[in-house]
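Biologist: I would like to learn how to read a helix and a pocket in a model; could you take me through one?

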Amino acid sequence: VIIDSDIKITLDDTKDSFLAYTEKFDVITSKWRTGINSIDIQKDFSQENIDQGIAHYNDAIMQLYALPVPKILSALHKTELSYLRAELTLLNKIKNADKDPMAALLAGQNFQNMDDEFNKKMNEQLQLFLKTVNKA
């Protein structure tokens, strides 16, 4: 669970702050997606692919923790971080298949479910955000 004190929340909820955040967020997540899409972890469980995937997740997570977040977007930001960390945990389970093959198998099966759950949760958070903005 990620709490407010784990991330850099700014009280600046101006349009400029919002735009700066979304631009930086898009750069971070686009770079992560491009990196992940360049390797096919789900089809090729080679150590090299898994290590590259873990590196892409770690980079994105570290950058998102360092990114100042307007308070109004903090819930969305924490959701993104939570799911990236959860998927990183699954990758680490897959990486350690030689130590715990059952955990690796379950992790591989749950990877797509995690992505689907993430998309659902982000849509819920986005709808909540839009309701909040529309009330203001």
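**Helix H1 and the pocket beside it in the numbering**

Modeller: Because a helix should rise 1.5 Å a residue, the 24 residues of H1 should span 34 Å, and its end C-alpha atoms are indeed 34 Å apart; the expected span is 1.5 Å times one less than the number of residues. Helices (H or I, at least four residues) and strands (E, at least two) are DSSP runs, numbered from the N terminus. This is a predicted model, in which local features need pLDDT of at least 70, side-chain atom pairs count only at pLDDT 80 or more, and totals for chains, interfaces and linings use all residues. Residues are numbered from 1 along each chain as its sequence is written, and side-chain values use heavy atoms, with hydrogens and water left out.

Biologist: Where is confidence lowest, and where is it highest, in the chain?

Modeller: With pLDDT as the predictor's confidence in each residue, from 0 to 100, confidence is lowest in H4, at a mean of 82, and highest in strand E1 (residues 9–10), at 96.

Biologist: What lines the second largest pocket?

Modeller: Rolling a probe the size of a water molecule over the atoms shows where empty space is left. A pocket is an open set of points on a 1 Å grid over the protein atoms alone, where a 1.4 Å probe fits, with protein on both sides within 12 Å along at least five of seven lines, and lining residues have an atom within 4 Å of a point. Here the lining includes Phe18, Tyr21, Leu73 and Met122, and its largest share, five residues, comes from H1.
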